[in-house]
Amino acid sequence: MNKEKIDILKKEKNTVILAHYYVDESIQKIADYVGDSFYLAQVATKLEEKNIIVAGVYFMGESVKILNPEKNIYLVNPKADCPMAHMVNINTIEEMRNKYNDLAVVCYINSTAEIKSHSDICVTSANAVKIVRKLPEKNIFFIPDGNLAKYIEKLVPEKNIIANNGFCPIHNRVSARAVNNLKMKYKDAKVLAHPECKKEVLDIADYIGSTSGIIKKVGTCNLNEFIIVTEIGIKYELLKNYPNKRFYFLDSMICEDMKLLELKDLLKTMEKGGNEVFVSEEVIEKAKKPLKRMLKLGE
Ligand code: SF4
């Protein structure tokens with residue numbers, strides 16, 4: 001019933017729904033586009049609808065707004081925020097700029113609009129290695145995720161990677177021991193892990209990649225069983241695409257913020273409006289540059 005109502009409202013209100021892989025499957029099912037944060041920001045630039053509902057955490061709404069300032073962007077629940085997005089501050093960035101002449105501030109897309117506006121380039125977990133390799137600067141201050149920074153450091157040894165000490169609480173809480181316990185239980189399963197995990201987990205993974213990368217990897221791999229070391233919401237997309245394969249998850253990998261989004265709130269936003277994302281013109285102008293530079297260098 002909700003689905004029919006939402007379909008009618010979408011037409012009436014000239015609205016499109018974008019959802020992240022980590023939100024509840026009831027929302028993924030009715031979304032027009034489902035993907036990672038980069039895909040959602042990118043796809044939004046190609047849409048005709050004037051109103052966009054972003055079913056994701058706060059920074060995702062901001063990224064869509066920065067790349068589409070002329071559109072109205074709404075969140076399902078503005079209280080859903082990513083803790084990692086706030087784990088670096090402007091002072092730390094400025095201190096680092098004063099310390100190194102030859103420095104690029106590389107900002108993971110999981111960050112606030114304000115932090116993006118003080119950065120030289122944005123990256124996603126899918127294109128970070130490729131982009132860092134291409135940068136002319138020797139010193140890279142990678143913010144806010146320290147685990148992703150250390151993963152890049154290993155693959156791009158020619159750069160001096162300075163890792164910020166932020167982390168995703170959901171990926172960071174996983175231990176190698178917990179993954180090894182699953183490996184012992186499911187002996188034929190391959191371990192696919194997100195680079196926001198700690199090094200000890202990445203060291204025992206068979207494949208490391210972004211959420212989109214993990215989904216693609218399952219599709220190109222002729223094996224049937226996988227231990228997926230990322231947020232459990234991705235299970236819906238995996239089972240939809242590969243119903244005959246089996247996926248095992250760690251029970252602890254639930255993002256409490258992503259789970260604050262409920263279908264009833266989405267319906268309410270569509271019916272009554274509210275929850276609109278506002279970013280100042282100044283921040284949009286400044287944050288657009290590192291995001292657009294990413295789109296160019298990431299090609
Ligand atoms: S899973 Fe981690 S990085 Fe993603 S929104 Fe939740 S806290 Fe942030």
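At what angle do helix H4 and H15 pack, and how far apart are their axes? Hold that thought while we start with the sheet, keeping in mind that this is a predicted model.

The sheet is an open one with four strands, and reading across it gives the order E6-E5-E7-E8, with parallel pairing. Strand E6 (121-123) and strand E8 (160-163) sit at the edges with a single partner strand each, so one side of each has no neighbour in the sheet. Neighbouring strands here are turned by 30° against each other on average, direction ignored.

Now zoom in on the E8 edge. Strand E7, residues 139-143, pairs with E8 in the parallel sense over four bridges. If you want one to look at, find Phe 141, whose bridge partner in E8 is Ile 162.

Next, the helices that lie on these strands. Helix H8 (residues 146-155) lies across strand E5 (103-108), E7 and E8, and runs at about 165° to E8. Helix H15, residues 281-297, lies across E5 and E6, running at about 60° to E6.

H15 brings us back to the opening question. Helix H4 (residues 58-67) packs with H15 at an angle of about 95°, and their axes are 9 Å apart. Since angles of 65 to 115 degrees count as roughly perpendicular, that is what H4 is to H15. On the H4 side, the contact is made by Ser 63, Ile 66 and Leu 67, which meet Ile 284, Ala 287, Lys 288 and Leu 291 in H15. Sort the residues of this contact by type and you get five nonpolar, one polar and one charged.

How values were computed
Residues are numbered from 1 along each chain as its sequence is written. This is a predicted model: local features need pLDDT of at least 70, side-chain atom pairs count only at pLDDT 80 or more; totals for chains, interfaces and linings use all residues. Two strands pair if DSSP finds at least two bridges between them. Helices (H or I, at least four residues) and strands (E, at least two) are DSSP runs, numbered from the N terminus. Axes are lines fitted to C-alpha atoms, for helices over the stretch in contact, and angles run from 0 to 180 degrees between N-to-C directions. Two residues are in contact if their C-beta atoms, placed from the backbone, lie within 7 Å. Angles under 35 degrees count as roughly parallel, over 145 as roughly antiparallel, 65 to 115 as roughly perpendicular and the rest as oblique. Ala, Val, Leu, Ile, Met, Phe, Trp, Tyr, Cys and Pro count as nonpolar, Asp, Glu, Lys and Arg as charged, and the others, Gly among them, as polar.
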